[in-house]
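Here are a few exercises to work through with the model open beside you. Try each task before reading its solution.

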Amino acid sequence: MTIKLDFSNKVVVVIGGTSGINRGIAELFARQGAKVAVASRTQKKVDETVKVLKDLGADAMGFSADVREPEAIDAGLKNVYQQFGTFDVVVSGAAGNFPAMANGLSWNGFKSVIDIDLRGTFHVMKSSFEHLRKPGACVINISAPQAYVPMKAQVHVCAAKAGVDMITRTLALEWGSSGIRVNSIVPGPIEGTEGMARLAPNDTARKMVTDGVPLGRFGTPDDIGNACLFLASDLGSYITGTILPVDGGWAQTHCGELSDYLGELAEG
Ligand code: NAP
Ligand code: COA
């Protein structure tokens, strides 16, 4: 179920918006009338997504860039600003994940995830600032339950996403006086995504996940998109610095048995 909220003529930028959850978010904003820009590393995925967004009736554009390269993100966002104007909503969701126990994780493996999730989020936020509507813009960082639930084989992700949530909380303080709201959304296990393919790659793990979710099911990209629409709309106008789980209650159970399972998966 998608709630109808009007985003006509609003400019929405979704970084990492070319697949999975973030692409679902971009599509929902497109359906609500927004002008939508997406970015990720792969030009082909950018082109395909822009076509889908245009087919939904939206004014859409995209650029390819790696969030680990601040100059590339800066240039891409400037170009979006020149073509679409002041940003009303920025969603920052590019991320990398794979299960690996700390003792089996190389220096570069840890660094890669920190660079994408944590440093990448900072690059997106910092480069967006000058283009954000003041007052009125809403920034949403896509976090993960690992930010506050320690999970085996996820030390890189736990550290990175905890940092992402602290960026959210700190910039909510710094940018509040400019009328910019900054929040994190924490998706639970979302059906059919790359993230779940990596962390719950078979029926045993999938059952372990749904058994651990109080609402008893996987989430959908629309569940996350609907929460973004709410936060970005006037309905969310007094909400900033919040870490909002949209997870069927999963984190309340410390993500069930998935942690032990991931430890076994990573150690073969
Ligand atoms: P996904 O489909 O792999 O989406 C990741 C997106 O980020 C893609 O568009 C990818 O495109 C882009 N990306 C990856 N590395 C990048 C980089 N270095 N620079 C720029 N773009 C990059 O993953 P997903 O499972 O839907 O996850 C989306 C978000 O939700 C992530 O932040 C994840 O941590 C969070 N999350 C997911 C789940 C879940 O159940 N899936 C649960 C909790 C949180 P390119 O490959 O073209 O770069
Ligand atoms: N187990 C242990 N280490 C791993 C690994 C795994 N499954 N996958 C990658 N690594 C290590 C690599 O070995 C490398 O370290 P090294 O140089 O010491 O060998 C390091 O991580 C970087 O890997 P590389 O493939 O060069 O990085 P990349 O920049 O091309 O890709 C990743 C980044 C690794 C995060 C890749 O999985 C990715 O692009 N992910 C995006 C999609 C995704 O993860 N979606 C889910 C989001 S929740």
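**Exercise 1. Find the polar contacts that ligand 2 makes with side chains, then describe the shell around ligand 2.**

*Solution.* Keep in mind that this is a predicted model.

Step 1: Begin with arginine 41, where an N or O atom of the side chain sits 3.0 Å from an oxygen atom of ligand 2. Arginine 68 has a polar side-chain atom 2.8 Å from a ligand 2 oxygen, and for asparagine 108 the corresponding distance is 2.9 Å. A polar contact requires N or O atoms within 3.5 Å, and these distances of 3.0 Å, 2.8 Å and 2.9 Å meet that cut-off.

Step 2: Next, look at coverage. On its own, ligand 2 has 940 Å² of accessible area, and the protein covers 56% of it.

Step 3: Now see which elements contribute. Helix H4 (107–129) and helix H6 (194–199) are the ones that give two or more residues to the shell, and H4 gives the most, with 4 residues.

Step 4: Finally, sort the shell. In total 15 residues surround ligand 2, with Arg68, Asn97, Ser106, Asn108 and Arg198 the closest. By class there are 7 polar, 4 charged and 4 nonpolar residues.

**Exercise 2. Is threonine 49 buried or exposed, and which residues does threonine 49 touch?**

*Solution.* Step 1: Locate threonine 49 in helix H2, which spans residues 43–55.

Step 2: Check its accessibility. Threonine 49 has a relative accessible area of 1%, so it is buried; the cut-off for buried is under 20%.

Step 3: List the neighbours. Leaving aside residues up to four places away in sequence, threonine 49 touches Gly17, Thr18, Arg23 and Val38.

**Exercise 3. Trace salt bridges within a helix and between separate parts of the chain.**

*Solution.* Step 1: The whole structure holds 14 salt bridges. One of them joins the side chains of lysine 51 and aspartate 55, at 2.9 Å from N to O. Both residues belong to helix H2 and are 4 residues apart, about one turn; both are exposed.

Step 2: Move on to lysine 78 and glutamate 130, whose side chains meet at 3.6 Å. Lysine 78 is in helix H3 (residues 70–84) and glutamate 130 in the loop between H4 and strand E5 (138–142), so this pair ties together parts 52 residues apart in sequence. Asp74 joins Lys78 and Glu130 in a network of salt bridges.

Step 3: End with aspartate 260 and lysine 152, which meet at 2.8 Å. Because aspartate 260 lies in helix H9 and lysine 152 in the loop between E5 and helix H5, the pair ties together parts 108 residues apart in sequence.

Methods
Residues numbered from 1 in each chain as written. Chains lettered and ligands numbered in written order. Predicted model: local features only at pLDDT ≥ 70, side-chain atom pairs only at ≥ 80, totals over all residues. Heavy atoms only, no water. Near = heavy atom within 4 Å. Polar contact = N/O pair within 3.5 Å; in protein donor to acceptor, adjacent residues only side chain to side chain. Areas by Shrake-Rupley, 256 points an atom, 1.4 Å probe, with all protein chains shown as cover. Nonpolar A, V, L, I, M, F, W, Y, C, P; charged D, E, K, R; others polar. Buried < 20%, exposed > 50% of the residue type's maximum accessible area, 1.4 Å probe, protein only. Contact = heavy atoms within 4.5 Å. Salt bridge = Lys/Arg side-chain N within 4 Å of Asp/Glu carboxyl O.
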